[in-house]
Amino acid sequence: NPGDRILDPACGTGGFIVVGFNYVSEKIRQVERKTWKNPDAPTSVEEKRLYDKIHKVGESIFGLDFNANLVKTAQMNMVMKNDGRGGLFWVNSLLNPSAWPKAVQQAIELGSMDVVITNPPFGTKIKIEDQDILEQYDLAHAWRKEGGKWIMNGALRNAMPPEILFIERCVQFLKPGKGQLGIVLPEGVLGNPDNEY
């Protein structure tokens, strides 16, 4: 909805955020058309008001990616959709937020997003081994099952697939109790007994 904060923390070329921008923009367009004197031909004032509202949508849409070239492509995609501003940042979203550049820290905080939608990188060949990254995630620790409940034990794993860390980071980005997450994951994450925790 207009005003919802939308984030893709692994935005690549911006496919999900462009779709989110278009979806919200179309909602605004439908509401505005009902106020026009002629729904098929807005006056210049009506058209400017519409485009001002659509442009404002871009202030609530964000993307992060660790590949600078992909961020530039995503920025161009958003400009082509009449966003015209940058809520897109070149940063590794798995890093501790205190290590992000100040501009990113000011725009994007954990617990501040209404919608997170992403297709994070995944695969056994790109495991995350940086202990500074791993130590901030519960899912990067060893877990054991006791009495039907999972209990995190203190041992930090040596490496983790990025998709597991992205699950936790995406949940951290959401507004508690009301945020919505759409995430593309390998089927094994949901069905592999090793990932049951």
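Which residue in S4 is the bridge partner of isoleucine 6? The legends below take up this pairing and its surroundings in what is a predicted model.

**View A. Pairing of strands S1 and S4.** The bridge partner of isoleucine 6 is valine 115, which belongs to S4. Strand S1, spanning residues 6-8, and strand S4, spanning residues 115-118, pair in the parallel sense over 2 bridges.

**View B. The open sheet and its edges.** The sheet is built from 5 strands in the order S3-S2-S1-S4-S7, with parallel pairing. Its edge strands, S3 and strand S7 (180-183), each pair on one side only, and from one strand to the next the twist averages 15°. Helix H1 packs on this sheet, where it touches S1, S2, S3 and S4, and the direction of H1 makes about 175° with that of S2.

**View C. Helix H3 and its capping residue.** Helix H3 comprises 13 residues (68-80) and reaches 19 Å from its first C-alpha to its last, close to the 18 Å expected at 1.5 Å a residue. At the N-terminal end of H3, asparagine 67 acts as a cap, with a side-chain oxygen 2.9 Å from the backbone nitrogen of asparagine 69.

**View D. Buried and exposed residues of H3.** Val71, Ala74 and Met78 are the buried residues of H3; they lie on the same side of the helix because they cover an arc of only 60° around its axis. On the other side of H3, Asn69, Lys72 and Met80 are exposed. The buried residues pack against helix H1 (15-33), strand S2 (61-65) and strand S3 (88-90), while H3 itself lies across S2 and S3 and runs at about 170° to S3.

Technical notes:
Residues are numbered from 1 along each chain as its sequence is written. This is a predicted model: local features need pLDDT of at least 70, side-chain atom pairs count only at pLDDT 80 or more; totals for chains, interfaces and linings use all residues. Side-chain values use heavy atoms; hydrogens and water are left out. Helices (H or I, at least four residues) and strands (E, at least two) are DSSP runs, numbered from the N terminus. The expected span of a helix is 1.5 Å times one less than its number of residues. Buried means under 20% relative accessible area, exposed over 50%, partly exposed in between (1.4 Å probe, protein chains only). The arc is that of the directions from the helix axis to the C-beta atoms. Contact means heavy atoms within 4.5 Å. A polar contact is a pair of N or O atoms within 3.5 Å; within protein, one must be able to donate a hydrogen and the other to accept it, and residues adjacent in sequence count only if both atoms are side-chain atoms. Two strands pair if DSSP finds at least two bridges between them. Axes are lines fitted to C-alpha atoms, for helices over the stretch in contact, and angles run from 0 to 180 degrees between N-to-C directions.
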